[in-house]
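User: I have a model open and would like to go through it with you. Can we start with the side chains around the rings?

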Amino acid sequence: MRRRADRQPSRRTFLDATGALVAAGLTVGCTADSAQPGRQAATSAATPAPVSATGRHQAGITLPEPAQPHLLAVVADLDAGAAPGPLLADLGRAIRTLTTGADPRLLGLEPGDLTVTVGVGPRLVRAAGASLPGASDLPRFSRERIAPGADGGDLLLQICASDPTLLPVVAAALADQAGDRVRERWRQSARRGANVPVGEGRTAPRNPLGFVDGIIGPHTAAERERDLWLAGPPEVAGGTLAVLRRMELDLPRFAALSVAEQEAVFGRRRASGVPLSGGDAASGPELGAKTPDGRYLVPADAHARRAHATAVGVGLMLRRSYGIDDPAPGLLFISFQNELRTFTATLTHMDTSDALLPFTTTTASATFLILPGFDAQHPLGSGLFRRSRAA
């Protein structure tokens, strides 16, 4: 996998950079807990359960649950003349060997709960069928400062694991599998906050602003069939649509607010995630609840109101927020939904008066069709790109 053409680094340069990322991953993995005597051995002994790469849906969306704490997103473009079908079949074969630990390019590391989720961008989808889900590009929104190289892309590799050391190693293996058929656009390492119980047996992580994030979403099987998974056409059934948004956060300005002011921005209690309208975190806010003097308990411009599916008139999104340090403190937002309008209508509704948006600046943005699941008899992407050779 080559970097963008304007840089033209050698393959050796790419591997050297990957080595640096391995070192960085080791540093990220050193937490205060791991430094305490008696804790390190216990932590290293707890190997996460493996996650199958094959099935009706790709792994890394609803499985595992909760999602792994570490993520590396790699966005790339296909070279002119490169056929997506053979490339995807090759990547699918590599994903199967990597996640089962059978690939020597893992360098002896245990895969644990490693998942790799693959999506294709609108340009490739349009080439397969202009009316297919995922054929539309994202529109532009306010509060964006996106360089040309960080907008869109042909290929998404979402690599997730509990062990951050795995991420650059797996990315290097997939780059080796892709060879010169793709050029990397941008990548982003990120991590999820600590999980907090939110009721109904579920947990959700804290985001970099200290609030519990991603509480509301398609959690039941019925909700996922309705709002998450694509039902058709047959070549995309079982897939979904992903949106990636990298954002810088104005952390000092948000931290300068009182806790009550921060809670008014989100519409939820910071400590528990409970809506300002009361109840419990999992049940969601009561948007009509008012004080005796007629004020909404969840303010009119609160994020919990402006982004609420009922207020917008769309389905539910499976939302994930990951903290990032580079290129600036912020978050990587990922949402999965079976209609792009679910995201675009929500952000349009937020654009008018959401109290959270002034603390954000989007610096990278893309949307992808997450391909249906695959196995040895049905190669990755074979339904969309008519690939017949087994993965």
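Analyst: The charged end of arginine 305 sits over the ring of tyrosine 296, 4.2 Å from the ring centre. Keep in mind that this is a predicted model.

User: Which residue lies over the face of tyrosine 322?

Analyst: That is arginine 192, at 5.9 Å from the ring centre.

User: And ring against ring, how many aromatic pairs are there in the whole structure?

Analyst: A search of the whole structure finds six aromatic pairs. One of them is phenylalanine 254 with phenylalanine 359, an edge-to-face pair with 5.3 Å from centre to centre and 90° between the planes.

User: Where in the chain do phenylalanine 254 and phenylalanine 359 come from?

Analyst: From distant parts, 105 residues apart. Phenylalanine 254 is in helix α7, residues 251-255, and phenylalanine 359 is in the loop between α11 (340-353) and β11 (360-370).

User: Is phenylalanine 254 buried or exposed? What about phenylalanine 359?

Analyst: Phenylalanine 254 counts as buried because its relative accessibility is 2%, and the cut-off is under 20%. Phenylalanine 359 is buried too, with a relative accessible area of 7%.

User: What are the distance and angle for phenylalanine 333 and phenylalanine 343?

Analyst: Their ring centres are 6.1 Å apart and their planes are at 35°, so that pair is tilted. Phenylalanine 333 belongs to strand β10 (residues 330-337) and phenylalanine 343 to helix α11, with their positions 10 residues apart in sequence. Phenylalanine 333 is buried at 11% relative accessible area, and phenylalanine 343 is buried at 5%.

User: Which residues do ring pairs link into a cluster?

Analyst: Phe211, Phe254, Phe266 and Phe359.

User: Switching to strands. How much of β8 is buried?

Analyst: Nine of the 10 residues in strand β8 (residues 240-249) are buried, which leaves the strand mostly covered.

User: What does β8 pair with?

Analyst: With β11 there are 10 bridges in the antiparallel sense. With β10 there are eight bridges, and those two strands also run antiparallel.

User: Which residue in β11 stands opposite leucine 241? And what is the bridge partner of arginine 245 in β10?

Analyst: Leucine 241 stands opposite leucine 369. The partner of arginine 245 is phenylalanine 333, the residue whose ring forms the tilted pair with phenylalanine 343.

User: OK, the core. Which residues of the largest nonpolar core touch the most other members?

Analyst: Val118, Val120, Leu155, Ile159, Val170 and Leu174, out of 65 residues in that core. Helix α5 (residues 166-178) supplies the largest share, eight residues.

User: What is leucine 174 in contact with?

Analyst: Leaving aside neighbours within four places in sequence, leucine 174 is in contact with Leu91, Ala94, Ile95, Leu98, Val116, Leu157 and Ile159. Apart from the largest core lies another one of 25 residues, among them Ala73, Leu156, Cys160 and Leu318.

User: Leu91 is in α3, I think. Why is α3 described as largely enclosed?

Analyst: Because 12 of the 16 residues of α3 are buried, the helix is largely enclosed by the rest of the structure. The buried ones include Leu91, Ala94, Ile95 and Leu98, which are also contacts of leucine 174.

User: How far apart are the end C-alpha atoms of α3?

Analyst: They are 22 Å apart, which agrees with the 22 Å that 16 residues should span at 1.5 Å a residue. α3 covers residues 84-99 and is followed by glycine 101, whose phi is positive, near 80°.

User: Now leucine 138. Where does leucine 138 lie, and is it buried or exposed?

Analyst: Leucine 138 lies in the loop between α4 (122-128) and β4 (155-161). The residue is buried, with a relative accessible area of 16%.

User: What does leucine 138 touch further along the chain?

Analyst: Not counting neighbours within four places in sequence, its contacts are Val243, Leu340, Phe343, Thr344, Ser365, Ala366 and Thr367. Leucine 138 and leucine 340 are 202 residues apart in sequence, and 8.3 Å apart in space from C-alpha to C-alpha.

User: Last one, leucine 124. Where is it, and what does it touch?

Analyst: Leucine 124 lies in helix α4 and counts as buried at 6% relative accessibility. Beyond residues up to four places away in sequence, leucine 124 touches Leu78, Pro84, Asp154 and Phe385.

Note on methods
Residues are numbered from 1 along each chain as its sequence is written. This is a predicted model: local features need pLDDT of at least 70, side-chain atom pairs count only at pLDDT 80 or more; totals for chains, interfaces and linings use all residues. Side-chain values use heavy atoms; hydrogens and water are left out. Rings of Phe, Tyr and Trp (its six-membered ring) pair if their centres lie within 6.5 Å; planes under 30 degrees apart count as stacked, over 60 as edge-to-face and the rest as tilted. Helices (H or I, at least four residues) and strands (E, at least two) are DSSP runs, numbered from the N terminus. Buried means under 20% relative accessible area, exposed over 50%, partly exposed in between (1.4 Å probe, protein chains only). A charge sits over a ring if NZ of Lys or CZ of Arg is within 6 Å of the ring centre and within 35 degrees of the ring normal. A nonpolar core is a set of buried Ala, Val, Leu, Ile, Met, Phe, Trp, Tyr and Cys residues joined through side-chain atoms within 4.5 Å. Contact means heavy atoms within 4.5 Å. Two strands pair if DSSP finds at least two bridges between them. The expected span of a helix is 1.5 Å times one less than its number of residues.
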